[in-house]
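Let's take a walk through this protein, starting from one residue and working outward. Have the model open beside you as you read.

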Amino acid sequence: MVTPLKLRRLHGLFCVYKPLGVHWKLVRDTIETNLLKGNVAPPPALPHKVRFLAEPSPTGEAGAAASLSAAPVPALSHHPLVTGPEFQHIRVGVGHRLDAASSGVLVLAVGNGNKALDDLYKTRVTRDYMLECEFGMATKDFSHTGRVVEKSTYGHITLDKLERVLAMLEGANQKATRMFSNVDMSSQEAYELAVQGLLGPDGKSAPILTGLRCVHFQPPSFTLEVQCLNETQKYLRKVVHEIGLELRSTAVCKNVRRTRDGLFTSRQALTRNQWSAADVMQAVQQHRYTKKTEKTVRKRSEESSAATRQSKADVMSSHRGKEHGS
């Protein structure tokens with residue numbers, strides 16, 4: 001059972017698995033409602049106040065003076081039916097959104113975690129998607145439920161041709177990544193960012209595909225694994241449409257499923273039957289622990305790298321000293 005004291009300290013990030021056909025607002029509102037429902041605990045004993053109550057006269061005469069006696073009575077001003085629930089609103093924030101026709105990992109924040117959510121998306125956070133596609137058809141909105149505008153043959157498409165088109169698209173997007181990064185590509189800073197995997201667009205930019213590969217190919221069906229930045233699900237469906245055109249055919253996206261959003265993966269996502277206050281609290285605590293562990297590992301790695309660089313610098317300095325001495 002989640003007590004009000006625990007709900008008061010509930011701050012952080014967690015992720016859920018958004019089902020297909022459900023709007024993200026409904027997911028957020030459902031979790032907010034479940035957290036408020038979790039604010040149930042045995043009501044505390046009511047405090048008592050001393051009141052002086054009049055006692056009837058033992059003789060029963062109307063004009064007789066009434067005697068007063070002190071008696072403890074409950075303070076009804078503290079009764080739950082008077083005060084109402086302790087929490088009437090809990091702020092739940094939503095990360096990079098998924099439209100109703102998509103499913104997968106949706107990052108949420110509760111309490112002060114909303115600030116951490118804003119900070120998270122100011123960094124270059126990449127996301128992974130699985131796109132289930134089909135050759136031979138084009139629709140107005142690039143989805144398989146849209147109005148069909150064209151049908152075409154696809155027998156000439158091979159896996160080799162598809163992979164060539166994917167490689168071309170990936171190369172064009174890598175060029176865009178360098179263009180939007182606002183870093184001199186010949187500088188040491190660019191090299192260090194590239195080694196750490198942090199080379200990317202500076203601030204908000206156009207959608208960029210950082211990785212693109214085919215994981216299943218059985219015409220007319222095929223599945224793509226995509227890593228990207230600043231994307232929307234509509235943009236990903238349009239990419240599938242353009243792949244079909246590059247192959248002298250047409251293609252439509254049947255399903256968009258997000259498998260990773262930054263540090264959050266589908267393995268950590270809470271399914272619909274886990275959207276309770278207790279499960280949310282456990283997920284927030286688990287993310288806190290994981291983040292703390294990764295921070296410790298990163299710090300040790302940086303210290304080790306710094307020690308290695310210093311050692312190399314000392315060796316080079318020693319060699320230079322010997323050369324000058326000779």
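Start at Leu68, which you'll find in strand β3, the stretch covering residues 67-74. Keep in mind that this is a predicted model. Is Leu68 buried or exposed? With a relative accessible area of 61%, Leu68 counts as exposed, because the cut-off for that label is over 50%.

Leu68 has company out there. Together with Val50 and Phe52, Leu68 makes a nonpolar surface patch of about 370 Å². For the surface of the whole protein, the accessible area comes to about 20000 Å², and carbon and sulfur atoms hold 54% of that.

Now swing over to helix α2, which runs through residues 24-37. It has 14 residues, and going from its first C-alpha to its last takes you 20 Å, close to the 20 Å expected at 1.5 Å a residue. Which residues of α2 are buried? They are Trp24, Val27, Ile31, Glu32 and Leu35. These buried residues sit on the same side of α2, because they cover an arc of only 130 degrees around the axis.

Finally, zoom out. The protein holds eight helices and twelve strands. Of its 326 residues, 36% are buried, where buried means under 20% relative accessible area. As for who touches whom, take the contacts with a separation of 6 or more: 72% of them are between residues 24 or more positions apart.

Notes. Residues are numbered from 1 along each chain as its sequence is written. This is a predicted model: local features need pLDDT of at least 70, side-chain atom pairs count only at pLDDT 80 or more; totals for chains, interfaces and linings use all residues. Side-chain values use heavy atoms; hydrogens and water are left out. Helices (H or I, at least four residues) and strands (E, at least two) are DSSP runs, numbered from the N terminus. The expected span of a helix is 1.5 Å times one less than its number of residues. Buried means under 20% relative accessible area, exposed over 50%, partly exposed in between (1.4 Å probe, protein chains only). The arc is that of the directions from the helix axis to the C-beta atoms. Contact means heavy atoms within 4.5 Å. Accessible areas come from the Shrake-Rupley method with a 1.4 Å probe; for residues, only the protein chains shown count as cover. Patches are made of residues with over 30% relative accessible area and no salt bridge: like charges are joined within 9 Å, nonpolar side chains (Val, Leu, Ile, Met, Phe, Trp, Tyr) within 5 Å. A salt bridge is a side-chain nitrogen of Lys or Arg within 4 Å of a carboxyl oxygen of Asp or Glu.
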